[in-house]
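Visitor: Please take me through the salt bridges with care, one pair at a time. I should then like to see how the surrounding parts of the chain, its interior and its open space are arranged.

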Amino acid sequence: MTAIRRSTLDEIRTFHARMMAAASNAVDERLERIFEAVPREAFLGPGPWQIKAGRRYLETPSADPAFLYQNVLVALDAAKGINNGEPFLHAAWLGAAAPAAGETVVHVGAGTGYYTALLSMLVLPNGQVHAYEVEADLVARAIENLRPFEGVEVIQGDATTLPLPPADLIYVNAGVVAPPVRWLDALKPGARLIFPWQPTDRVGLALLVTRTAAGHAVRPLMRATFIPCIGASDATACRKMPSVPDAAAVRSIRLTRDGAPDETAVAIYDDVWFSRAEA
């Protein structure tokens, strides 16, 4: 019987990168190279690691980084439920949001910086990433982890209240009941906002928002659930909650200052409302 050779870590990482490129559904050939070039383990601290399985965390049998090259959540702070997110989901988001060379990205909920690093490489050359994180210990780790990457600034604080630079892409890794107006205002013409919309316990949906001449167009992408975004997760601010079918039918976000909600509204908040009508 022929002995089976165990794959090397380089081979595992290379195949993982191929999977991520396929999962992105994008034609950007850089994605595979970048997923291969940025080692996930460099951002997660020393192993063994805690991997989320259902509602539990399981410890990897050893500190072999091969365990990280699966579609798994890895704990950054298990007590608070803060994880490094699923690679397949982020590959799909990166494919949909399409960060490009020279763009300015705002990353909300940067954790220890793994997906920040990927974003920074996708906006080379001359791009910038402003990474916001509220947890002080994660900020310290992110600053250290991201030292080798160009054009990255890590900011400790609440991105729902701090000023944001004019952005080509806002990439949000925390569950949002409704996006703050300051995020929508920070989008340049043609810019994108991608975030997990979580207005109710039953709705968890990734939305891609694009600022157009007519307003803010929305494309629902996939199911997505994150820990709540501090400053943007108060469900009591919702004056009309969407059903699951209505949430999937959203096609635009409107600002209340520009006009009161009409019969197309599927979710209504003080400052914004979600409409089934195209922007």
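Guide: Across the whole structure, a search finds eleven salt bridges. The model is a predicted one. As a general matter, side chains of opposite charge can pair when their charged atoms come close.

Consider first Arg 6 and Asp 64, whose side chains meet in a salt bridge with an N to O distance of 2.6 Å. Arg 6 belongs to the segment before H1, whereas Asp 64 sits in the loop between strand E2 (56-59) and strand E3 (74-77), so this pair ties together parts that are 58 residues apart in sequence. With a relative accessible area of 53%, Arg 6 is exposed, because the cut-off for that class is over 50%. Asp 64, at 25% relative accessibility, counts as partly exposed.

A second salt bridge joins Asp 185 and Arg 257, with 2.7 Å from N to O. Here too the pair links distant parts of the chain, 72 residues apart: Asp 185 is in helix H6 (residues 181-186), and Arg 257 is in the loop between strand E13 (252-255) and strand E14 (265-269). Asp 185 has a relative accessible area of 39% and is partly exposed, while Arg 257, at 56%, is exposed.

In a further pair, Asp 28 forms a salt bridge with Arg 30, and their closest N and O atoms are 2.8 Å apart. The relative accessible area of Asp 28 is 26%, so this residue is partly exposed. Salt bridges also link Asp 10, Arg 13 and Glu 41 in a network.

Ser 24 lies in the loop between helix H1 (9-23) and helix H2 (30-37). Ser 24 has a relative accessible area of 5% and is therefore buried, the limit for that class being under 20%. Leaving aside residues up to four places away in sequence, Ser 24 touches Leu 31, Ala 91, Ala 92 and Gly 95.

Next comes the nonpolar interior. The largest nonpolar core has 39 residues, and those with the most contacts inside it are Ile 170, Trp 183, Phe 195 and Phe 274. Two or more residues of this core come from each of strand E5 (104-108), strand E8 (167-172), H6, strand E9 (187-200), strand E10 (203-212), E13, E14 and strand E15 (272-275). E9 supplies the largest share of this core, five residues. Another core, of 32 residues, lies apart from it and includes Leu 89, Leu 119, Val 123 and Leu 146.

Finally, the open space. The largest pocket has a volume of about 690 Å³. Its lining consists of 35 residues, of which Asn 83, Asn 173, Ala 174, Phe 226 and Ile 227 lie nearest the centre of the pocket. The elements that give two or more residues to this lining are strand E4 (82-84), helix H3 (87-97), helix H4 (114-122) and strand E6 (128-133). E4 gives the most, with three residues. Sorted by class, the lining of the largest pocket has 17 nonpolar, 13 polar and five charged residues.

Conventions:
Residues are numbered from 1 along each chain as its sequence is written. This is a predicted model: local features need pLDDT of at least 70, side-chain atom pairs count only at pLDDT 80 or more; totals for chains, interfaces and linings use all residues. Side-chain values use heavy atoms; hydrogens and water are left out. Helices (H or I, at least four residues) and strands (E, at least two) are DSSP runs, numbered from the N terminus. Buried means under 20% relative accessible area, exposed over 50%, partly exposed in between (1.4 Å probe, protein chains only). Contact means heavy atoms within 4.5 Å. On a 1 Å grid over the protein atoms alone, a cavity is a set of points where a 1.4 Å probe fits but cannot get out, and a pocket is an open set with protein on both sides within 12 Å along at least five of seven lines; lining residues have an atom within 4 Å of a point. Grid points are joined across faces, edges and corners, and a volume is the space filled by probe spheres set on the points. Ala, Val, Leu, Ile, Met, Phe, Trp, Tyr, Cys and Pro count as nonpolar, Asp, Glu, Lys and Arg as charged, and the others, Gly among them, as polar. A salt bridge is a side-chain nitrogen of Lys or Arg within 4 Å of a carboxyl oxygen of Asp or Glu. A nonpolar core is a set of buried Ala, Val, Leu, Ile, Met, Phe, Trp, Tyr and Cys residues joined through side-chain atoms within 4.5 Å.
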